Each structure stands twice: as C-alpha cells, then as structure tokens.
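Dear colleague,

I am passing on the structure we spoke about, and below it you will find my notes on what turned up when I went through it. Please read them with the model open beside you.

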Amino acid sequence: MKLLFVSSTDRIEPWRQAFARIAPDIELVAWPDVPDPDAIEFAAVWKYPPGELKRFRNLKFVSSLGAGIDHILGDAEFPADIPFVRLIDPTLTSGMVEYALWATLRYHRQTLEYEALQRSAQWRPLPAPTTAERRIGIAGIGAIGGAIAQAHARLGFDVAGWSRSARTIEGVRAFSGAESWLPFLARTDILICVLPLTPSTHGILDGRAFAALPKGAYVVNIARGGHVVDRDLLAALDCGHLAHATLDVTTPEPLPPDHPFWRHPQVTVTPHIASLTDPRTAAPQVVDNIRRFISGRPLLNRVDRANGY
Ligand code: GLV
C-alpha cells in the first residue's frame, strides 16, 4: 500500500521510521517524485502547493500531518469528494499546553515588569494578583484548547472558554456563539487563541476584539497568523490599551525581517514552535485511519468541510 507524503516543512525520514515500525505494509512515497501517481490511494500532507493533489486520480482519503487543516481548506482544487482528517497528537497537545502555560505564567508572575526593574537595578516588590484573580480566556476549546483550559484551571486560574458551538469543560466557564464573543473578551485578562482558521475566524482578533478586552490585557496567539489583524494589534499596543502580545504564528511565515512585530517592545515573537507533531505518536493515528477506511469503519478526527474543523 502506498501513502503519499507531501510536506514543505517536514523531513520524511522520521515518518518513514515511525511507519516502518508499526505498519511495514505501508510504503511512504515522497512527493514530488512519484513515478506512478495512479498507485496512490492515501496521502498525508502539510502545507503543500494548492492544486497538487488533483493529479492523484485514485486518492481515497487524506490526513493532515498537523492539527490544523487550513492548508487543505485553502486548496480550492482539493477534490470535493475526498474525506480528510486532522491529527490530535498527544505530544502536540502537551506542547501547546506547555507553551500556553509559559506565556500565562510569564505575564501572571510579572516577569516583564521584574525584568525592567532589574535593568534599572530596582528592588521593588509589586502587588501580585492570585491565580483566582486572573481571568484567562481560551478562544477555541476543542482538543487543544480544552487541554489548555484544564491545565489553567488546575492552577486555580479563573478560566473561560469560547467556541462557536456550545461545549462544556469542568471548571471552565463556557461561552459560545457569535453573540457571546465580546462578553467573553470583556472578562478576559489573558487571551489565548487556539481557534481553527476558517472564513468565520479569519481576522477575528481585530480592533473591535481588542477594544472589548479590559485595559492592560495580554494576547497570546498560538493558532494561525490569519486570526490577527496586525495593524489593529499594533494600534491597541501602541495606545496602551493592551499590555503585551505573544505571537507564535504570523502572516506570513517566516515573518519578514522588517515586520514591526520583531522590534516592538510589547511583542514576543517565536517561530511557530509552540508545538510540533511527533511522528512517533502521530503515525499510529494515520495508520489507524487508513485501516478504518479500508474496513469501512468511521474515520477518527474527520473534518467537517462546512464547519472547517
Ligand atoms: C501546527 O500548527 C498544526 O496545526 O499542527
């Protein structure tokens, strides 16, 4: 059985090793040198050139190599009848939880303020809110956002989550639907965005959203650069309404060297490293779904094209 591997960023070797260990019957074929495109029935893809998959006429199902599937949804020529799935990789999820906690605790424990005080050799304890007094808002409470929300709740933070359709997570105040977006933001001191990027969430972190956050709020984006309207974020930081932003994702990626985010004193940029898919934990899911497909069982983590997640 042949699995087409298409990625503009991943190296195939670790995936090949992971597949060889658990499914020696599945051979990985590295795009773009595919001698017999008609022999390809399955594909695992990450940020591939749009339109590329349509030459594989016998393709039956596609797996994203990451949690996000915006690269597939953004491919206008992706064959309409082919189902596709995302990965919910435990290693990826725990990396996202770690990054979110790091950003939150850095803000919550006033790291930026103490670094500034240290630069001027000032020994000055600041009044410190407890976790119960710090309101965390997680935009997107699916597999990843839910885990982030729970990790914050365990530390005693006052946690709320927003999602398009109603979801409940123990210890987390749930907001859902467009009408609760601004009320959710109004009670959020540290906003963590893990939304899927869809036409309805594109540019959702705009001037209106930033104005709805309380003065002095922090923004952490670990979803996609497309969620943020960059000039609105810069304006909200420059006028002092927002205190700081942590951006692991940008538009475009890599962020061009002259982009104002790089040198802005109230912005931390990291190069989309919050978390990475681990072939060792992710390959079993791709294999499981291929086996499910072959035996006619329902696919796991199948993406609903209309919802975009
Ligand atoms: C990473 O950004 C992913 O979607 O897996």
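**The ligand and its surroundings**

The side chain of R86 has a polar atom 2.9 Å from the backbone oxygen of A67, and I start with this pair because A67 is also one of the residues that surround the ligand. Please keep in mind throughout that this is a predicted model.

R86 itself sits in the loop between β5 (84-85) and α3. Leaving aside neighbours within four places in sequence, R86 is in contact with S64, G66, A67, I69, Q285, N301 and V303, and of these G66 and A67 also belong to the set around the ligand. For a sense of scale, the C-alpha atoms of R86 and L53 are 17 Å apart in space, with their positions 33 residues apart in sequence.

The full set around the ligand consists of W46, G66, A67, G68, L92, R224 and H272, and by residue type this shell divides into three nonpolar, three polar and one charged. Three polar approaches to the ligand can be listed:

- A67 places a polar backbone atom 2.6 Å from an oxygen atom of the ligand.
- H272 has a polar side-chain atom 2.7 Å from a ligand oxygen.
- R224 has a polar side-chain atom 2.8 Å from an oxygen of the ligand.

The ligand taken alone exposes 190 Å², and the protein buries 87% of that.

**Backbone features to look at**

Most residues other than glycine have a negative phi, and most peptide bonds are trans. Against that background, four places in the chain deserve a look.

H272, which you have just met beside the ligand, has a positive phi near 50° although the residue is not a glycine. H272 lies in the loop between β12 (267-269) and α10 (279-294). Is H272 buried, exposed or partly exposed? Its relative accessibility is 22%, and because the limit for buried is under 20%, H272 counts as partly exposed.

Q110 is another residue other than glycine with a positive phi, here about 55°, and the place of Q110 is in the loop between α3 (90-108) and α4 (111-119). Q110 has a relative accessibility of 9% and therefore counts as buried.

The other two places are cis peptide bonds. One joins T251 and P252, with omega about -10°, and another joins E253 and P254, again with omega about -10°. P252 is in the loop between β11 (242-247) and α9 (260-263), and P254 is likewise found in the loop between β11 and α9.

**Two buried residues in helices**

H71 belongs to helix α2 (residues 70-73), and with a relative accessible area of 13% H71 is buried. A polar atom of the H71 side chain lies 3.3 Å from the backbone oxygen of V45. Not counting residues up to four places away in sequence, H71 touches V45, W46, K47, Y48 and S64, and W46 is, as noted above, one of the residues around the ligand.

F184 is in helix α6 (residues 181-186). Its relative accessible area is 0%, so F184 is buried. Which residues does F184 touch, not counting those up to four places away in sequence? They are G137, I138, A139, A160, G161, W162, F175 and L191. P257, by contrast, stands 73 residues from F184 in sequence and 34 Å from F184 in space, C-alpha to C-alpha.

**The chain as a whole**

The protein chain has ten helices and twelve strands, and its C-alpha trace spans about 65 × 40 × 35 Å along the principal axes. For 309 residues, a compact globule would have a radius of gyration near 19 Å, and the 21 Å found for the protein chain agrees with this. Of the 309 residues, 52% count as buried. Among contacts with a separation of 6 or more, 63% come from residues 24 or more positions apart. The protein chain exposes about 14500 Å², of which carbon and sulfur atoms supply 56%.

With best regards

Technical notes:
Residues numbered from 1 in each chain as written. Predicted model: local features only at pLDDT ≥ 70, side-chain atom pairs only at ≥ 80, totals over all residues. Heavy atoms only, no water. Helix = DSSP H or I, 4+ residues; strand = E, 2+ residues; numbered from the N terminus. Buried < 20%, exposed > 50% of the residue type's maximum accessible area, 1.4 Å probe, protein only. Near = heavy atom within 4 Å. Polar contact = N/O pair within 3.5 Å; in protein donor to acceptor, adjacent residues only side chain to side chain. Areas by Shrake-Rupley, 256 points an atom, 1.4 Å probe, with all protein chains shown as cover. Nonpolar A, V, L, I, M, F, W, Y, C, P; charged D, E, K, R; others polar. Rg over C-alpha atoms; globule rule 2.2 N^0.38 Å. Contact = heavy atoms within 4.5 Å.
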